[in-house]
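Biologist: I have a model open and would like to learn how to read it. Could you walk me through a few features?

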Amino acid sequence: MRLHLQIWRQENPSASGNLVKYTLDDVSEDSSFLEMLDLLNEQLVGKGEVPVVFDHDCREGICGSCGVMINGLAHGPSARTATCQLHMRTFKDGDTIQIEPWRSAAFPVIRDLMVDRSSMDRIVQAGGFISVRTGSAPEANLIPVPKGDSDEAFDAAACIGCGACVAQCPNGAAQLFTAAKVGHLNILPQGRPERYERAAGMVAQMEAESFGSCSNYRECEAVCPKGISVDWIARMNRDFLVARLKGIQGKTA
Amino acid sequence: MIPAGPLADKWTNHRDHLKLVSPANRRKFKIIVVGSGLAGGAAAASFGEMGYNVECFCYQDSPRRAHSIAAQGGINAAKNYRNDGDSIWRLFYDTIKGGDFRSREANVYRLAEVSMEIIDQAVAQGVPFAREYGGLLDNRSFGGAQVARTFYSRGQTGQQLLLGAYQALARQIAAGTVKMYPRTEMLDLVVEKNRARGIVIRDLITGQVRSHAAHTVVLATGGYSNVYNLSTNAIGCNTTAIWRAYRRGALFANPSFGQIHPTCIPQAGEHQSKLTLMSESLRNDGRIWVPVKTDETRAADQIPENERDYFLERKYPAFGNLVPRDVASRNAKTVVDQGRGVGPMKNGVYLDFADAMKRLGRDTIEERYGNLIEMYQRITGEDAYSTPMRIFPAPHYTMGGLWVDYNLMSTIDGLFVIGEANFSDHGANRLGASALMQGLADGYFIAPYTVANYLSAHLGEEVSASSDPFSRTEDEVRQRTGKLLAANGTRTVDSFHRELGRIVWDECGMERNAKGIHHALIKIPALRDQYHKNVRVPGRGAELNQELERAGRVADYFDLAELMCRDALSRDESCGCHFRSEHQTDEGEALRHDDQFSYVAAWEYAGDGQEPRMHKEELSFEFVEPSQRSYK
């Protein structure tokens, strides 16, 4: 099929970018969205032009590297689908597709479609872990965890850290990302001892970065490739509130 | 080199006598860890916790994205929670047998031994393994084993284990013991008098080439299945770090031992960039079949039971669909080669859940494999609940890698190699759910002891990246990237990679023979010459340049592909994944020649254009009797 692409090109973080138009022919419906971009890049290189820069790696929806705004939607039109899992059969011959990088103050554009998401790593560094040294763990079956809790913890832990939640949020908030990690660890007995420090620290770090605040638009949930529920945000807020009441200050990274 | 004494005591005795570094002295040592997957992430976090001064490097934008994250099925451990007779010995035996008796007894036993600590550690970190209603951990069975010893987190076990290691690493980054360098690629190893002094890296954002010095370098850079171009590996996975170490004097062991995973989604077209794995755990409940007739045109549900060939169940009644990966892959290739393949390109076999759904109900199948079936739907547009999946083997894991001793140190002093990047534990074939086990065993429970032992002899030594070998190595790196940019030819890096991959797949893939390998050894150097003359890499070196990154990786794949072929040619037997069609039993199984080939082939670089030298590490089997593998 033939596609009309409008792709954000920006040479470096301080340059001003713009949408550049390309027409791409012979795109297979069975190819993935990123394979479509590969095809464009091969043609650009063939013509001696500079290919479009974008992040990608596993190409099976688990590493969280990829992610672009496709016609204004983070990861494109299919629900619970990362950009690399989106296939071109979702589009029609002759379609115009606008492709932009994640848009958020906390994710500065590095080049073209590539952004800097290190702010999310710093949120995890502020408490998104259980403090257990290698070698100090008790026998694995010593602490039973109700299956329901374990399954719920998994639901939250499935987050791939792609940043779509932030990119789609009108406020650029990182609540869903942060809450998923807080929730995964706080629901488990292993994570309980640091429950409130974790919530306080990660929220404090989130606020120290350039993320916006949450006003319950729920756009994050709608675009999350792993379908992580906004309920986790309510749980995080509860833990954060308790931390406040207890006077627990979180440590930022 | 391998500690003496009874198998079960070797590691304990050895560990008891390894030298230590006192807590007050640890911060005086600098350790470089390259790679942040299960092995690298676990090692960097553990070194940091112990108080060492760690620098960790990864090419991704965050250590959380290392390719370990994509492992689906699970992780083995000899916990015997199922009371089905499992033990350290059995896990050891299954692993060494699965590797077709081409690995070291002592290493494999140690792996089985520490497997239990890994599960303890992961659970304490909050890894949400599957649990039973009583709240205790669940297990499932996996290929090559008759016990259920695999721990899993739905189909995302690698992700959850990696996030456990990543979070431990994040804690150390916050504590200041680990300095993390994401978007940074190691392009060479700095060696002085056969001792590893540091690395030369390229900052992938600025293109800056610079050096980092340390007391020891730990490579945890994964495998090289992308030599085939199409594989289940992430696009960025590459051989450059270990290949450069090889060129600096580290021996490369068994390069031709690569695993072709049986359950991947078949290729759909020419411009496909990767193959997607469907966890082997699917073989627990899915039945593999093809039509009896060649050139079958009916849809799967129109083919009656008596016209289906459940070829694994037929040929291997004891293990059925759960035979080891190499056996499953080769049999799938056989039936496809017979013209009985399914799908539009007739390049797959069916994996059918219909019986399992009748027996267990759709809900159970959905709970066990929901995410995989969803993934399959996205890629193929087909619903595996109502029509069988189509699968075909794809390159997935490389058992070969840099040669290491029992302490996981290469032949370069102070260069340790852990995880998939080394050759140590899987012999000629890796059993399912044992890659995660080995990566974490090396990273959490072996390297922390053996690296300390190495460092203890170097207390008080200063490290600096300003000496001659550093600037020399940096210059060489700049020249290499400069050459790639200067070629300014007409073909893209990817087009060369596709062509190289095709050659390696055809001649040194699932099945090899001397004639084909000889062909490849002519075609690869010829294509490499063209590559260096005619590749087109746009842009500059001193900037973000993804084509240049790829160009460097593919250049190293050319050299590696040649070494793989040499290794495959010199090993004139079949074993595990290395199936030489000249050497098979009457029933078409791999035929080993233990009298001649019971060794590890460790290759030494002898200069460009020179034949590499092969060193043999003879394998001695004191505790098990190498037998012809049988899964019937």
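Modeller: Happily! Let us begin with the domains of chain A, keeping in mind that this is a predicted model. In chain A, 18 residues of domain 1 are in contact with 19 residues of domain 2. The side of domain 1 that touches domain 2 divides into 10 nonpolar, six polar and two charged residues.

Biologist: Where do the two domains of chain A run in the sequence?

Modeller: The assignment places domain 1 at 3-111 and domain 2 at 117-245. Taken over C-alpha atoms, their centres are separated by 29 Å.

Biologist: Next, helix packing. What describes two packed helices?

Modeller: The angle between their axes and the distance between the axes. Here, helix H2 of chain A (residues 118-125) packs against helix H6 of chain B (residues 157-175) at about 85 degrees, with the axes 8 Å apart. Angles of 65 to 115 degrees count as roughly perpendicular, and H2(A) and H6(B) are therefore roughly perpendicular to each other.

Biologist: Which residues meet there?

Modeller: From H2(A) come A:Asp121, A:Val124 and A:Gln125, which meet B:Gln167, B:Ala170, B:Ile173 and B:Ala174 of H6(B). By class, this contact has four nonpolar, two polar and one charged residues.

Biologist: And how many helices and strands does chain B have?

Modeller: Chain B has 17 helices and 19 strands. Its radius of gyration is 24 Å, close to the 26 Å from the globule rule for 632 residues, so chain B is as compact as a globular protein of that length.

Biologist: What share of chain B counts as buried?

Modeller: Of its 632 residues, 60%. Among contacts in chain B with a separation of 6 or more, 74% join residues 24 or more positions apart.

Note on methods. Residues are numbered from 1 along each chain as its sequence is written. Chains are lettered from A and ligands numbered from 1 in the order in which they are written. This is a predicted model: local features need pLDDT of at least 70, side-chain atom pairs count only at pLDDT 80 or more; totals for chains, interfaces and linings use all residues. Axes are lines fitted to C-alpha atoms, for helices over the stretch in contact, and angles run from 0 to 180 degrees between N-to-C directions. Helices (H or I, at least four residues) and strands (E, at least two) are DSSP runs, numbered from the N terminus. Angles under 35 degrees count as roughly parallel, over 145 as roughly antiparallel, 65 to 115 as roughly perpendicular and the rest as oblique. Two residues are in contact if their C-beta atoms, placed from the backbone, lie within 7 Å. Ala, Val, Leu, Ile, Met, Phe, Trp, Tyr, Cys and Pro count as nonpolar, Asp, Glu, Lys and Arg as charged, and the others, Gly among them, as polar. The radius of gyration is taken over C-alpha atoms; the globule rule is 2.2 Å times the number of residues to the power 0.38. A residue is buried if 20 or more other C-beta atoms lie within 10 Å of its own, exposed if 12 or fewer, and partly exposed in between; C-beta atoms are placed from the backbone. Domain bounds come from an automatic or database domain assignment.
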